[in-house]
Amino acid sequence: MRLWHGGEHNVDCKWLEDFLALSQHGNYSQAAAQRHITQPALSRRIKALEEVLGVPLFDRTTTPVTLTRYGERFEPYARHVLSTLTEARHELSAMTPATDNTLVMVSLHTLSVNILPDMINYLRQSEPQLNFTVNASIQGIDNHFNALINRQIDLLVTYDLPSAQPGLEIAGGLKRSLWRYERFIPVISAQLVDTLDDPHTPIPWLCYSDYTFVRRIIDLAEQRVRPRLKKVFESGLSETIREMVLRHMGMAWLPESMVAEELVNQQIIHCWPENADLICEIPVVVWANLEDQRAVMQRCWEKLLRF
């Protein structure tokens, strides 16, 4: 959160928390560990705060690091600003009691189609009075983690990928739970299944856009059969690709849960089912704010843990 302008610079409340952590420990590595950031990042943020204020806050020639006279003067102001912000946040939160009956959930678009309905139904079994607001992912995973920290949303559902993790500076304020595993399998319509038998016949390929999480999940599997694939369509949405498969446009990797019914009635065929290397299994995880102590949230979280 940006607090005020200092010349041409903004001051972030995180810098004040960094300042107080270093003041407490007198050691950069210990303060960085407390703040869940790297030591170089802590050093940069302390220097940025000093540049805005125009004075040195710490004497770095001593061990442990100590406050300068400017730092000693500034410390109570920093504590007061953070205390006031915390008090305001709690007061504003208390003004909206209706939110106790609503959970705001955010997910990747694919998960909002084939995972969230099951999760909501599961939670409503024990919380029938609960309302849900779902917003499919259109902003980027970093914004969603920040929204969790800022209490703008209650639950974030995503794939457990290295590229879908919170930054070190906020990870300590979040908790997560495994929901289930999702399998992406190569599928094709029954009408086109004969194209798989001839190794010399190119297979029309319906692929995901490079920017999507799904593309990262299935990339290694795709590479194993890439020489046979001829791209005829590209999209960032699993639902669109599914519709193209049903219209006999080509082969694609899709979430198994999304095409379960079509697999049973054999509208869609699982390609090369004997080849386990072409099946991509990925954990689906749920993230929440560690400090959200609302009773309804605690009950829902306990139920998610028991799934």
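## Cores, a helix crossing and backbone exceptions

The side chains of S238 and Y208 are joined by a polar contact of 3.4 Å. The model is predicted. S238 sits in helix α10, which spans residues 238-246. Is S238 buried or exposed? S238 is buried, because its relative accessible area is 0% and the cut-off for buried is under 20%. Beyond residues up to four places away in sequence, S238 touches T110, Y208, V214, L254, P255 and M258. Y208 is thus both a contact of S238 and its partner in the polar pair.

**Cores**

The largest nonpolar core has 70 residues. Which of them touch the most other members? They are M119, L155, V157, Y159, F184 and W253. Strand β13, residues 280-289, gives this core its largest share, with seven residues. A second core is separate and holds 25 residues, among them C13, L22, Y28 and I37.

V157 shows the surroundings of one of these residues. Leaving out residues up to four places away in sequence, V157 touches M105, V106, S107, L108, L111, I115, L116 and M119. V157 also touches V284, V285 and V286. Strand β13 covers residues 280-289, so these three valines fall within the range of that strand.

**Helices α6 and α12**

Helix α6 covers residues 116-124, and helix α12 covers residues 295-306. The two pack at an angle of about 115°. Their axes are 10 Å apart. The crossing is right-handed. Which residues make the contact? From α6 come M119, Y122 and L123. From α12 come C300, K303, L304 and R306. By type, the contact residues divide into five nonpolar, no polar and two charged. M119 serves twice: M119 is listed in the helix contact and among the core residues that touch the most other members.

R124 also lies in helix α6. R124 counts as partly exposed, because its relative accessibility is 36%. Apart from neighbours within four places in sequence, R124 is in contact with L130 and F132. The C-alpha atoms of R124 and Q293 are separated by 19 Å, and the two residues are 169 residues apart along the chain.

**Backbone exceptions**

Most residues other than glycine have a negative phi, and most peptide bonds are trans. Three places in this model depart from that pattern.

The peptide bond from T63 to P64 is cis, with omega near 0°. P64 lies in the loop between β3 (58-59) and β4 (66-67).

H36 is not a glycine, yet its phi is positive, at about 60°. H36 is placed in the loop between α2 (28-35) and α3 (39-53). Q266, another residue other than glycine, has a positive phi near 65°. Q266 is placed in the loop between α11 and β12 (268-270). Are H36 and Q266 buried or exposed? H36 counts as partly exposed, whereas Q266 is exposed.

**Accessibility by residue**

| Residue | Relative accessible area | Class |
|---|---|---|
| S238 | 0% | buried |
| R124 | 36% | partly exposed |
| H36 | 37% | partly exposed |
| A260 | 39% | partly exposed |
| Q266 | 54% | exposed |

A260 belongs to helix α11, residues 260-264. How far apart are the C-alpha atoms of A260 and R60, and what is the distance in Å? They are separated by 62 Å, with the two positions 200 residues apart along the chain count.

Definitions and conventions: Residues numbered from 1 in each chain as written. Predicted model: local features only at pLDDT ≥ 70, side-chain atom pairs only at ≥ 80, totals over all residues. Heavy atoms only, no water. Core = buried A, V, L, I, M, F, W, Y, C linked by side-chain atoms within 4.5 Å. Buried < 20%, exposed > 50% of the residue type's maximum accessible area, 1.4 Å probe, protein only. Helix = DSSP H or I, 4+ residues; strand = E, 2+ residues; numbered from the N terminus. Contact = heavy atoms within 4.5 Å. Polar contact = N/O pair within 3.5 Å; in protein donor to acceptor, adjacent residues only side chain to side chain. Axes fitted to C-alpha atoms, helices over the stretch in contact; angles between N-to-C directions. Left-handed = near helix turned anticlockwise from the far one by under 90°. Nonpolar A, V, L, I, M, F, W, Y, C, P; charged D, E, K, R; others polar.
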